[in-house]
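This report describes a single protein chain, beginning with one local element of its fold and then widening to its interior and its overall dimensions.

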Amino acid sequence: MSNVHVINHPLVQHKLTLMRKKEASTNSFRRLLNELASLMAYEVTRDMPMSEVEIETPLETMKAKVIDGKKLVFVSILRAGNGILEGMLNVVPGARVGHVGLYRDPKTLTAVEYYFKMPSEMHERDVVIVDPMLATGNSAIAAVDRLKEMKPKSIKFVCLLTCPEGVAALQKAHPDVPIYTAAIDRQLNDHGYILPGLGDAGDRIFGTK
Ligand code: URA
């Protein structure tokens, strides 16, 4: 699991516990996800390339660091990925945003694409794919497959929660894609849900159940 980063920061873990509770309201679930996504954005962007530019402070000229290259792209796997986007954009407000629409066929649990829209010049950009739950791995694999066609500089995958099955599936298909998560739970159930998990992330974010 060398390419898996579990973000153990106490704030991340505390907020995740609050989100898991079945009595958490839609409002607090969404707010916590937003806060958690901002904290995770720090970890995910830790190794962004930097360069130096000359600037003038009120006192003198200096060489100062800036993030190098074209703007980062956050790619949200619809719809639950949108719950993570806002928190990430709070920390990286200049990032571009792409969307992949994938739904899980309830019988086969395979990913079916219905939407795909990315910013221009993807081959010059680093990509961070966001989806709260890495469960079977089917949606994540399908999203990475599609994005690799655009030949971005790099791809990372960020989720809130995953399980051994999801990690294994994504790593088998795409060993070069690092996974960032707040926890690796016990297992997947027969319906493709993570146990103990937090239920259906989309329903909890949008209050649709
Ligand atoms: N998607 C969810 O929303 N929850 C799970 O547990 C698995 C996939």
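In this predicted model, strand 5 (residues 96-104) runs antiparallel to strand 6 (residues 111-117), the two being paired over six bridges. Arg 104 lies opposite Ala 111 of strand 6, and the two strands make up a hairpin in which six residues separate them, with Leu 109 in the turn adopting a positive phi of about 65°.

The largest nonpolar core has 37 residues, and those touching the most other members are Leu 16, Met 40, Phe 74, Met 88, Val 158, Leu 160 and Leu 198. Two or more residues come from each of helix 1 (10-20), helix 2 (26-44), helix 3 (82-91), strand 7 (126-130) and helix 6 (201-206), and helix 2, with eight residues, contributes the most. Leaving aside residues up to four places away in sequence, the contacts of Phe 74 include Leu 85, Met 88, Leu 89, Val 92 and Val 128, as well as Arg 96 and Gly 98. A second core, separate from this one, comprises 23 residues, among them Val 75, Ala 140, Ile 141 and Ile 155.

Across the whole chain there are six helices and 14 strands. The radius of gyration is 18 Å, close to the 17 Å given by the globule rule for 209 residues, so the chain is as compact as a globular protein of that length. Further values for the chain are set out below.

| Property of the protein chain | Value |
|---|---|
| Box filled by C-alpha atoms, along the principal axes | roughly 65 × 35 × 30 Å |
| Residues that count as buried | 46% of 209 residues |
| Exposed area | about 10900 Å² |
| Share of exposed area from carbon and sulfur atoms | 53% |

Finally, of the contacts between residues at least 6 apart in sequence, 64% link residues at least 24 apart.

Conventions:
Residues are numbered from 1 along each chain as its sequence is written. This is a predicted model: local features need pLDDT of at least 70, side-chain atom pairs count only at pLDDT 80 or more; totals for chains, interfaces and linings use all residues. Side-chain values use heavy atoms; hydrogens and water are left out. A nonpolar core is a set of buried Ala, Val, Leu, Ile, Met, Phe, Trp, Tyr and Cys residues joined through side-chain atoms within 4.5 Å. Buried means under 20% relative accessible area, exposed over 50%, partly exposed in between (1.4 Å probe, protein chains only). Helices (H or I, at least four residues) and strands (E, at least two) are DSSP runs, numbered from the N terminus. Contact means heavy atoms within 4.5 Å. Two strands pair if DSSP finds at least two bridges between them. The radius of gyration is taken over C-alpha atoms; the globule rule is 2.2 Å times the number of residues to the power 0.38. Accessible areas come from the Shrake-Rupley method with a 1.4 Å probe; for residues, only the protein chains shown count as cover.
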